[in-house]
Every structure is written in C-alpha cells, then in structure tokens.
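User: Please take a close look at the nonpolar core and the aromatic rings of this structure.

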Amino acid sequence: MAMNTIQSKTVEIFNQQVSNQFGTQRIALFFKPGSYNPLNVEIGYYTTVHGLGHSPDDVTITGGVQSTGAFD
C-alpha cells in the first residue's frame, strides 16, 4: 500500500474517533513488519496501534504516533 494511502486512512480514522469519547466504535491499526517513512499517526478515542512481528524492531514508523487529545 502506498504511504500516502496509509496516511490518508489514518487521518480518516482519527477524524472519526477524535470526538467519539462515548461511542461504541473500537479501531485497531496493525502494521506489517517494515519501515513506514514518513508517517504521522494521530490517535483518537478507542484507537490502538500495533506493530506485527517477532521483535519490536520489526516495525519502524518514522514521523510519530501520538495522541494530543485535541479536537474541534
């Protein structure tokens, strides 16, 4: 999957979940082993990010994974 497609999907999920404090939707993002550069993943309510592989070093996200808690 192209990096810009992944970025667009993570933004779409963030926009859906950022104000979903009392919602019932739960989202899990799973990344296959590899390098994701550049990628910035913002996390909203009930969203988790997981790297797949045998070692934590199997997935590298250059950019960041963060939850700012800010929404419009």
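Analyst: The core comes first below, then the aromatic pairs.

This is a predicted model, in which local features need pLDDT of at least 70, side-chain atom pairs count only at pLDDT 80 or more, and totals for chains, interfaces and linings use all residues. Residues are numbered from 1 along each chain as its sequence is written, and side-chain values use heavy atoms, with hydrogens and water left out.

The largest nonpolar core has 10 residues: I6, I13, I27, L29, F31, Y36, L39, V41, I43 and V59. Such a core is a set of buried Ala, Val, Leu, Ile, Met, Phe, Trp, Tyr and Cys residues joined through side-chain atoms within 4.5 Å; buried means under 20% relative accessible area, exposed over 50%, and partly exposed in between (1.4 Å probe, protein chains only). Two or more residues of this core come from each of α1 (3-17), β1 (27-31) and β2 (34-42). These are DSSP runs numbered from the N terminus, helices being H or I of at least four residues and strands E of at least two.

The structure contains 2 aromatic pairs. Rings of Phe, Tyr and Trp (its six-membered ring) pair if their centres lie within 6.5 Å; planes under 30 degrees apart count as stacked, over 60 as edge-to-face and the rest as tilted. F31 and Y36 are edge-to-face, at 5.0 Å centre to centre with 75° between the planes, and both residues are buried. The pair of Y45 and Y46 is tilted, because the planes stand at 45°, with the ring centres 6.4 Å apart. Y45 is partly exposed at 30% relative accessible area, and Y46 is partly exposed at 36%.
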